[in-house]
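Subject: Structure handover

Hello,

Here is the structure we spoke about, for you to look over. My notes on it follow below.

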Amino acid sequence: MSLSTVTVDVLDPTPPYEQLRRQLADLIGSGVLMTGDRMPPVRQLAADLGLAPGTVARTYRELEHGGYVLSRRGGGTRVAPTPPRAATPQRALEEAAEAYLDRARVLGIPADEAVEVVRSKASGG
């Protein structure tokens, strides 16, 4: 996963800033984005993803509050020297499952039917 894989799903009930924050935190926590790496400028990332600049700015603020990045006026936003540790694969999977079930709920699909779709896909169906 690299920065080019970051996407925002308009059908996802999770707010776009949170979708973006989660993906960037995963990239930082997993070491894909390294300490000192410069994040794209707010306007550039917003244009690349089709988002409002305020959405990306909020994402960067949330990441800064979480200790993932540091922002300096005129210096841009960079990955913090000691970002939080990577999420465990188990925790990342749990978050993905929660997001999937949230989306199913928005679509009016009960959790047991959503789980059955996953089982079917896992078995090649």
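**Salt bridges along the helices**

Asp102 has a relative accessible area of 33%, so it counts as partly exposed. Please keep in mind throughout that this is a predicted model. The side chain of Asp102 forms a salt bridge with that of Arg105, at 2.4 Å from N to O. Arg105 itself is exposed, at 55% relative accessibility. The two are three residues apart in helix α4, and therefore separated by about one helical turn.

A similar description applies in α5. Arg119 and Glu116 form a salt bridge there, with 3.8 Å between the closest N and O atoms. They too are about one helical turn apart, because three residues separate them in helix α5. Arg119 is exposed, with 52% relative accessibility, while Glu116 is partly exposed at 42%.

In helix α3, the pair is Glu62 and Arg58, four residues or about one turn apart. Their side chains meet at 3.8 Å, N to O, in a salt bridge. Both count as partly exposed: Glu62 has a relative accessible area of 31%, and Arg58 has 34%. An α-helix has 3.6 residues a turn, so residues three or four places apart point the same way.

Salt bridges also link Glu18, Arg21 and Arg22 into a network. The search of the whole structure gives six salt bridges.

**Overall layout**

The chain has five helices and two strands, in the order α-α-α-β-β-α-α from the N terminus. Along the principal axes, its C-alpha atoms fill a box of roughly 50 × 30 × 25 Å. The accessible surface is about 8000 Å², and carbon and sulfur atoms account for 55% of that. Of the 125 residues, 26% count as buried. Among contacts with a separation of 6 or more, 51% are between residues 24 or more positions apart.

**Core**

Which residues have the most contacts inside the largest nonpolar core? They are Leu20, Leu24, Met39, Val56, Tyr60 and Leu63, in a core of 17 residues. Helices α1 (16-29), α2 (42-49) and α3 (53-65) each contribute at least two residues to this core. The largest share, five residues, is from α1. Beyond its neighbours within four places in sequence, Leu20 contacts Val6, Leu45, Leu49, Leu51, Val56 and Thr59.

**The last two helices**

Helix α4 (residues 89-106) has 18 residues; at 1.5 Å a residue it should span 26 Å, which agrees with the 26 Å between its end C-alpha atoms. Gly108 follows α4 and has a positive phi, near 80°. For the 12 residues of α5, the expected span is 16 Å and the end C-alpha atoms are 17 Å apart, which agrees. Gly124, just after α5, has a positive phi of about 95°.

Asp12, in the segment before α1, is 91 residues from Arg103 in sequence, yet the two C-alpha atoms are 5.9 Å apart. Is Asp12 buried or exposed? Its relative accessibility is 18%, so Asp12 counts as buried; the cut-off for that is under 20%.

On the surface, Tyr100, Val117 and Val118 make a nonpolar patch of about 240 Å². Val118 is in helix α5 (residues 111-122) and counts as partly exposed because its relative accessibility is 44%.

Regards

Methods:
Residues are numbered from 1 along each chain as its sequence is written. This is a predicted model: local features need pLDDT of at least 70, side-chain atom pairs count only at pLDDT 80 or more; totals for chains, interfaces and linings use all residues. Side-chain values use heavy atoms; hydrogens and water are left out. Patches are made of residues with over 30% relative accessible area and no salt bridge: like charges are joined within 9 Å, nonpolar side chains (Val, Leu, Ile, Met, Phe, Trp, Tyr) within 5 Å. Accessible areas come from the Shrake-Rupley method with a 1.4 Å probe; for residues, only the protein chains shown count as cover. A salt bridge is a side-chain nitrogen of Lys or Arg within 4 Å of a carboxyl oxygen of Asp or Glu. Buried means under 20% relative accessible area, exposed over 50%, partly exposed in between (1.4 Å probe, protein chains only). A nonpolar core is a set of buried Ala, Val, Leu, Ile, Met, Phe, Trp, Tyr and Cys residues joined through side-chain atoms within 4.5 Å. Contact means heavy atoms within 4.5 Å. The expected span of a helix is 1.5 Å times one less than its number of residues.
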